[in-house]
Amino acid sequence: MNDNNNFVMLECLDLPKDLKRLDYNQCERLCSEIRKILIDTVSKNGGHLASNLGAVELTMAIHRVFASPDDKIVWDVGHQAYTHKILTGRLEKFSTLRKENGISGFTKPSESEHDSFISGHSSTSISVAYGMAQAMKMNGSRNYAVAVIGDGALTGGMAYEGMNNAGKSDTNLIIILNHNDMSISKNVGSLAKYLMGIRSTQKYVKTKRAVERVLNNTPVLGKPVAKVLKTSKDTFKNTIYRNAKDTTIFEDLGLIYLGPVDGHNLEELEEALKTAKSYRRPVIVHVNTVKGKGYAPAESNPGEFHGISRFDIMTGNPEVSSDDCYSTVFGRELLKIAKKDNRVCAVTAAMKYGTGLQYFSGEIKNRFFDVGIAEQHAMTFSAGLAAMGKIPVFAVYSSFLQRTVDQMIHDVSIGSYHVVVGIDRAGIVGEDGETHQGVFDVPLVTAIPGSTVYSPSCYEELKMCLDEGIYKCDKLVCIRYPRGNDCTSFNKENLNTSYTYTVKEDSDVLLISYGRIYDELYKSFVLLNSEGIKCDILKITKIFPIDENMAENALKYKNIVFFEEGILNGGISEHFSSVLLEKGYTGKYFRKGINGYIKQAAVKSSLKKYELDCDSMTEYVKSVLEKNNET
């Protein structure tokens with residue numbers, strides 16, 4: 001460490017140990033250096049910027065007050081842990097953030113001992129940290145479990161389940177509420193208003209610190225009195241509030257509440273965290289931060305810089321426009337339909353911009369519902385709308401749809417309610433890695449009786465499927481579509497919402513696929529036929545339930561090869577093979593898809609790895625046909 005002129009650089013430090021040896025001026029300089037690294041890296045790699053810029057000082061304070069990895073730090077969602085990664089030995093690798101074989105954009109225990117738990121989905125940190133705190137208590141450890149959760153994630157019901165259980169315990173659990181008044185979409189509902197009310201009363205901790213400083217400096221009686229005040233919530237509250245009954249929801253759940261604290265003031269942060277440690281029971285520390293802190297474009301538009309592709313640092317302009325993608329096509333088409341039919345409603349779980357519903361919310365406010373990060377509630381709320389004759393369309397990422405399986409079964413399917421689900425980010429999503437890949441929705445949804453699933457292969461099919469899903473179906477309908485743009489080049493003359501055959505003469509080979517990768521299979525189909533390997537191709541749009549006539553037509557082929565961008569176990573290729581078997585199919589059946597979890601990498605690279613690109617498909621078809629001919 002170099003203390004010359006009170007200056008220190010990150011690469012000179014043994015992190016995180018050396019952080020505790022720095023003075024506040026040095027820490028402030030490091031925070032500025034970290035912000036530059038964050039902006040530079042995300043501008044090149046894409047990622048989550050605004051949330052990380054807002055948590056720099058908070059992260060540094062946590063690592064100066066606590067002792068990771070002995071103290072367990074659990075980051076809710078984990079997308080705001082970039083500074084944590086830099087401060088825990090990953091500075092040299094930080095340029096590989098979100099790249100294939102690089103470091104993850106989320107916390108990952110296999111990557112570092114300082115990443116205490118896997119993350120990616122919201123509202124789980126309190127339950128995880130409470131479990132860790134209980135385990136440490138049983139082991140006789142006096143270390144702490146620290147949950148860092150944002151006010152957006154606090155709209156998820158699981159957070160309250162965790163607090164409700166933790167509040168009545170005597171564990172060393174500290175919950176840090178990072179309140180930046182901004183989730184992916186602007187926070188909504190009573191909780192957001194409640195937190196804003198608390199946010200405006202920063203006298204709590206300031207007065208507490210003033211009282212403790214005076215008492216600690218008072219000879220003889222000062223420190224004993226301070227100890228009594230600290231351990232007596234009601235007495236201390238009387239020194240702060242005019243009304244002794246004025247408590248927070250967190251205290252009603254059994255937690256000690258400290259805050260609000262300025263999340264960009266290291267001295268205040270550390271004092272509050274040290275105070276929290278001294279209680280030796282569950283404490284919540286309410287911290288106010290500014291999302292996008294230190295970078296003007298991100299501070300002005302934190303929603304746009306929540307998750308962003310590569311961008312120009314000088315202007316803040318992204319290299320890839322979101323105006324032309326499946327999400328925006330879906331959102332605009334839904335608005336077009338809703339303008340003509342006042343039964344149609346739009347529902348999102350804090351993903352208004354991510355799912356393209358900003359157009360709907362801007363023009364039909366009374367039929368747009370952002371329920372916060374509460375996917376289970378969103379699904380059951382949609383069922384309630386449907387029960388009253390409305391047509392709810394719930395747009396949700398495939399990865400987050402996983403949270404709603406019980407609600408789809410119990411609240412939608414059993415009652416046969418007509419709910420339309422737009423499954424965004426279906427298939428491989430790329431750099432966000434294992435926790436965000438949209439490859440499980442097909443097995444989950446097709447297991448539900450009465451469900452209908454569409455998987456369009458282009459923008460025009462997406463529009464057709466949305467219209468049919470709203471007006472020609474009467475139960476649970478799911479329309480799944482990928483992240484990004486429509487770059488397909490297959491023949492679009494005979495688009496429909498069922499299935500399409502392209503037939504060559506005298507072929508005994510049938511190629512099948514659906515969704516985005518159909519375009520890759522179509523290219524392979526053209527290539528194979530040009531090389532004299534005659535084959536026909538089937539594109540399925542309404543992928544479930546399996547169309548009986550489509551299956552009957554497939555029986556004539558000696559060889560069927562099915563490709564799908566999803567988990568094979570329970571996938572459409574498995575459903576299709578079951579139908580063929582029941583019909584007495586005697587030919588050879590091959591299928592290529594995904595097994596296991598998909599690590600971070602560009603979509604193109606992942607498709608190649610799982611042999612779902614044109615060249616790999618071509619080679620796979622050749623290889624199975626050669627083996628078949630040999631036998």
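**Figure 1. Valine 77, a buried residue with a positive phi.** Valine 77 has a relative accessible area of 13%, and that makes it buried, because anything under 20% counts as buried. Keep in mind that this is a predicted model. Look for valine 77 in the loop between β1 (72–75) and α4 (82–86). Its phi is positive, about 70°, although valine 77 is not a glycine.

**Figure 2. Arginine 98, another positive phi.** Here phi is near 70°, and arginine 98 is again a residue other than glycine. You'll find arginine 98 in the loop between α4 and α5 (125–138). Is arginine 98 buried or exposed? Arginine 98 is buried, with a relative accessible area of 7%.

**Figure 3. Two cis peptide bonds, each with a proline.** One cis bond joins glycine 259 to proline 260, with omega at about 0°. Proline 260 sits in strand β4 (residues 256–262). Another cis bond links phenylalanine 544 and proline 545, and its omega is also about 0°. Where is proline 545? Check the loop between β15 (542–544) and α22 (548–554).

**Figure 4. An open sheet of 5 strands.** Reading across the sheet, the order is β12-β14-β13-β16-β17, and the pairing is mixed. At the edges are β12 (499–502) and β17 (588–594), each pairing on one side only. On average, neighbouring strands are turned by 15° against each other, ignoring direction. Zoom in on β12 and you'll see that it pairs with β14 (residues 536–540) in the antiparallel sense, over 4 bridges. In this pairing, threonine 502 stands opposite isoleucine 537 of β14.

**Figure 5. Two helices lying across the sheet.** Helix α23 (residues 572–582) lies across β13 (509–514), β16 (559–567) and β17. The angle between α23 and β16 is about 145°. Helix α25 (residues 614–630) lies across β13, β16 and β17 too, running at about 140° to β16.

**Figure 6. Rings that pair up.** How many aromatic pairs are there? The count comes to 19. In one of them, the rings of phenylalanine 305 and phenylalanine 311 have centres 5.5 Å apart and planes at 90°, so this pair is edge-to-face. Both phenylalanine 305 and phenylalanine 311 are buried.

**Figure 7. Tyrosine 518 and its company.** The ring centres of tyrosine 518 and tyrosine 522 are 6.1 Å apart and the planes meet at 45°, so the pair is tilted. These two tyrosines lie in helix α21 (residues 518–530), 4 residues apart, or about one turn of the helix. Tyrosine 518 and tyrosine 522 are both buried. Ring pairs link them with Phe490 and Phe525 into a cluster. Lysine 539 joins the scene as well, lying over the face of tyrosine 518 at 5.7 Å from the ring centre.

**Figure 8. A lysine over a phenylalanine.** Elsewhere, lysine 277 lies over the face of phenylalanine 66. Its distance from the ring centre is 5.4 Å.

**Figure 9. Two nonpolar cores.** In soluble globular proteins, nonpolar side chains tend to be buried together. The largest nonpolar core here has 53 residues, and Leu38, Leu49, Met60, Ile62, Ile176 and Val285 touch the most other members. Which helix gives the most to this core? That's α1 (residues 24–45), with 7 residues. Leaving aside neighbours within four places in sequence, isoleucine 176 is in contact with residues including Leu58, Ile62, Val146, Leu273 and Val287. Apart from this core lies another one of 48 residues, with Met379, Ala426, Ala551 and Phe576 among them.

Terms used:
Residues numbered from 1 in each chain as written. Predicted model: local features only at pLDDT ≥ 70, side-chain atom pairs only at ≥ 80, totals over all residues. Heavy atoms only, no water. Pairing = 2+ DSSP bridges. Axes fitted to C-alpha atoms, helices over the stretch in contact; angles between N-to-C directions. Contact = heavy atoms within 4.5 Å. Phe/Tyr/Trp six-rings, centres within 6.5 Å; stacked < 30°, edge-to-face > 60°. Buried < 20%, exposed > 50% of the residue type's maximum accessible area, 1.4 Å probe, protein only. Lys NZ or Arg CZ within 6 Å of the ring centre and 35° of its normal. Core = buried A, V, L, I, M, F, W, Y, C linked by side-chain atoms within 4.5 Å.
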